[in-house]
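Work through the exercises below with the structure in view. Each task is followed by a solution in steps.

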Amino acid sequence: MNTKYSDLINQTYYFPQEEFTLNKDNLQFHNIDLMKLVEQYGTPLKFTYLPQISNNINKAKSWFRKSMEKNKYDAKYFYCYCTKSSHFEYIMNEAFKNNIHIETSSAFDINIVENLLENGKINKSTYVICNGFKRDEYVSNIARLINTGHKNTIPIIDNFEELDLLQAQIKGKFKIGIRIAAEEEPKFEFYTSRLGIGYKNIVPFYKKEIKENKKLELKMLHFFINTGINDNAYYWNELVKCIKVYVALKKECPTLDGLNIGGGFPIKNSLTFEYDYQYMIDEIINQIKIACDEAEVAVPNIFTEFGSFTVGESGGAIYQILYQKQQNDREKWNMIDSSFITTLPDTWAINKRFIMLAVNRWNDTYERVLLGGLTCDSDDYYNSEQNMNAIYLPKYNKEKPLYIGFFNTGAYQETIGGYGGLHHCLIPQPKHILIDRDENGILATEVYSEQQTSDDVLKILGYKK
């Protein structure tokens with residue numbers, strides 16, 4: 001009878017997989033012995049595997065290159081990193097090893113850009129795509145960047161007023177883009193995105209405010225679908241509408257030569273995850289080329305702004321099961337040594353699911369459980385996998401500690417969870433380590449931040465000066 005946890009995984013999924021393998025009864029992630037990390041650093045533990053950032057960037061570059069060659073697409077591709085996914089310096093340092101560009105969302109992003117320029121991580125040829133709703137400080141920072149000579153800074157106009165605000169502070173001629181306000185998915189709570197300018201208003205806006213303005217050079221049309229790049233009727237319908245706007249605008253505006261299709265590449269959230277990246281890119285490039293050829297306009301340079309795809313699959317978290325509570329005849333609660341609200345806030349806020357696997361004891365028998373966090377909030381739990389309405393783990397045994405890992409958690413969790421600040425019920429922020437490999441494949445780890453102490457928290461709260 002197949003009753004081991006390893007049997008369950010092998011029966012449910014194709015296993016092992018590219019990044020997940022087994023060493024006896026312990027899980028390995030990209031050939032990293034996770035139990036060794038636990039033994040060295042303890043739990044709760046967050047980690048970032050830096051090489052995966054470069055891996056994903058270069059995969060995407062390769063997919064676009066192949067697609068452009070296949071479709072005889074005579075333009076360039078520019079990979080931009082969406083900073084809001086993770087602003088940390090160690091992320092930027094790894095990402096910008098790969099000759100990429102940057103997309104910003106708010107005022108302080110520009111200060112990061114200036115730091116990257118000062119330290120040689122990016123240069124004057126790097127595109128800085130400035131998205132978001134812009135007010136005083138953001139406008140001033142964009143203006144400062146352009147006025148000090150960074151001519152590849154492109155503010156993306158989000159509303160009619162922004163053009164005047166930017167012109168008031170930027171000296172001389174500068175480049176701009178326009179963001180399309182895409183229509184939301186039919187089941188969404190509202191009809192049109194709050195970001196950007198409506199489809200029908202873009203060409204009239206160009207003719208009225210930009211066409212005869214010698215100070216402005218329109219270079220980019222920006223398009224983003226909130227639900228991501230998916231092979232469904234909704235996405236293809238919105239893409240076609242966007243391309244039609246590009247064609248109409250290009251006929252009026254010779255300087256327009258860039259189409260930004262935003263972010264939205266999904267990342268692996270289950271061992272059953274399937275997504276044909278190359279097919280999707282081929283179809284997008286093909287649709288753009290067909291429309292431009294029919295309209296007899298030049299195909300645009302393609303920009304993307306991948307955030308989660310860049311950093312998501314580099315991150316993980318490891319917890320120990322502290323205790324098991326049998327609350328009724330059917331429900332067993334395994335209590336972790338941290339909080340989901342604190343460390344994986346998307347599981348609580350938007351019911352997001354990550355890959356969850358036992359780190360050790362794969363040769364033990366398994367049971368169905370619920371996972372509970374340490375806070376006194378009833379929402380601090382994790383109750384199912386992406387493809388199953390259940391969680392199965394090796395049976396709890398207080399004499400044999402059980403560790404579990406959550407994987408591909410590298411995007412958004414630190415900033416949404418409030419890195420370095422206060423957390424619900426004052427549950428401390430876990431230790432965070434960085435993992436890298438040298439040119440010989442040798443692993444190196446370092447502590448990026450220690451677990452929060454009571455002194456750290458009391459100082460924030462004003463009890464200690």
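Helices, at least four residues long, and strands, at least two, are DSSP runs numbered from the N terminus. The model used here is predicted.

**Exercise 1. Place the two cis peptide bonds.**

Task: Find where Pro44 lies, and which residue a cis peptide bond joins to this proline. Then do likewise for Pro16.

Solution.
Step 1. Pro44 sits in the loop that runs between helix H2 (34–41) and strand E4 (45–49).
Step 2. The cis bond joins Thr43 to Pro44, and its omega is about -5°.
Step 3. Pro16 belongs to the loop between helix H1 (5–12) and strand E1 (20–23).
Step 4. Here the partner is Phe15: a cis peptide bond joins Phe15 and Pro16, with omega about 5°.

**Exercise 2. Describe the chain as a whole.**

Task: State how many helices and strands the protein chain has, and decide how its radius of gyration stands against the globule rule.

Solution.
Step 1. The count is 15 helices and 21 strands.
Step 2. The radius of gyration is 24 Å, and the globule rule gives 23 Å for 465 residues. The two values are close, so the chain is as compact as a globular protein of that length.
Step 3. Along the principal axes, the C-alpha atoms fill a box of roughly 75 × 55 × 50 Å.
Step 4. Of the 465 residues, 55% count as buried.
Step 5. Among contacts in the chain with a separation of 6 or more, 72% are between residues 24 or more positions apart.
Step 6. The chain exposes about 21,200 Å², and carbon and sulfur atoms supply 48% of that area.
Step 7. There are 53 positive and 59 negative side chains, and the centres of the two sets lie 3 Å apart.

**Exercise 3. Examine the nonpolar cores.**

Task: Name the residues that touch the most other members of the largest nonpolar core, and the helix that gives the largest share of this core.

Solution.
Step 1. The largest core has 87 residues, and those touching the most other members are Ile210, Leu218, Leu221, Phe265, Ile302, Phe306 and Phe309.
Step 2. Helix H9 (residues 233–252) contributes the largest share of this core, 10 residues.
Step 3. A second core, separate from it, has 44 residues, including Phe20, Ile336, Met356 and Tyr382.
Step 4. Take Leu218 as an example: beyond its neighbours within four places in sequence, its contacts include Ile176, Ile178, Tyr206, Ile210, Leu249 and Leu256.
Step 5. As background, nonpolar side chains tend to be buried together in soluble globular proteins.

**Exercise 4. Follow Tyr77 to Thr304.**

Task: Decide whether Tyr77 is buried or exposed, and do likewise for Thr304. Then list contacts of each beyond four places in sequence.

Solution.
Step 1. Tyr77 is in strand E5 (residues 77–82). Its relative accessibility is 16%, which is under the 20% limit, so Tyr77 counts as buried.
Step 2. Outside its sequence neighbours within four places, Tyr77 is in contact with Ala60, Lys61, Phe64, Met68, Ile302, Thr304 and Phe306.
Step 3. Tyr77 and Phe306 are 229 residues apart along the chain, while their C-alpha atoms are separated by 13 Å.
Step 4. Thr304 lies in strand E12 (residues 301–306). With a relative accessible area of 0%, Thr304 is buried.
Step 5. Apart from neighbours within four places, Thr304 contacts Phe64, Tyr77, Phe78, Tyr79, Cys80, Asn260, Ile261 and Gly262.
Step 6. Thr304 and Leu259 are 45 residues apart along the chain, and 8.8 Å separates their C-alpha atoms.

**Exercise 5. Compare three loop residues.**

Task: Give the loop and the degree of exposure of Asn351, Tyr412 and Asn98.

Solution.
Step 1. Asn351 is in the loop between helix H13 (345–349) and strand E15 (355–358). Its relative accessible area is 52%, over the 50% limit, so Asn351 is exposed. Its phi is near 55°, a positive value in a residue other than glycine.
Step 2. Tyr412 is in the loop between strand E19 (403–407) and helix H14 (413–417). At 23% relative accessible area, Tyr412 is partly exposed. Its phi is positive too, about 75°, although Tyr412 is not a glycine.
Step 3. Asn98 is in the loop between helix H4 (89–95) and strand E6 (101–104). At 11% relative accessibility, Asn98 counts as buried.
Step 4. Leaving aside neighbours within four places, Asn98 contacts Ser54, Ile57, Asn58 and Lys61.

Technical notes
Residues numbered from 1 in each chain as written. Predicted model: local features only at pLDDT ≥ 70, side-chain atom pairs only at ≥ 80, totals over all residues. Heavy atoms only, no water. Core = buried A, V, L, I, M, F, W, Y, C linked by side-chain atoms within 4.5 Å. Buried < 20%, exposed > 50% of the residue type's maximum accessible area, 1.4 Å probe, protein only. Contact = heavy atoms within 4.5 Å. Rg over C-alpha atoms; globule rule 2.2 N^0.38 Å. Areas by Shrake-Rupley, 256 points an atom, 1.4 Å probe, with all protein chains shown as cover. Lys, Arg positive; Asp, Glu negative; His and termini not counted. Charge placed at Lys NZ, Arg CZ, Asp CG, Glu CD.
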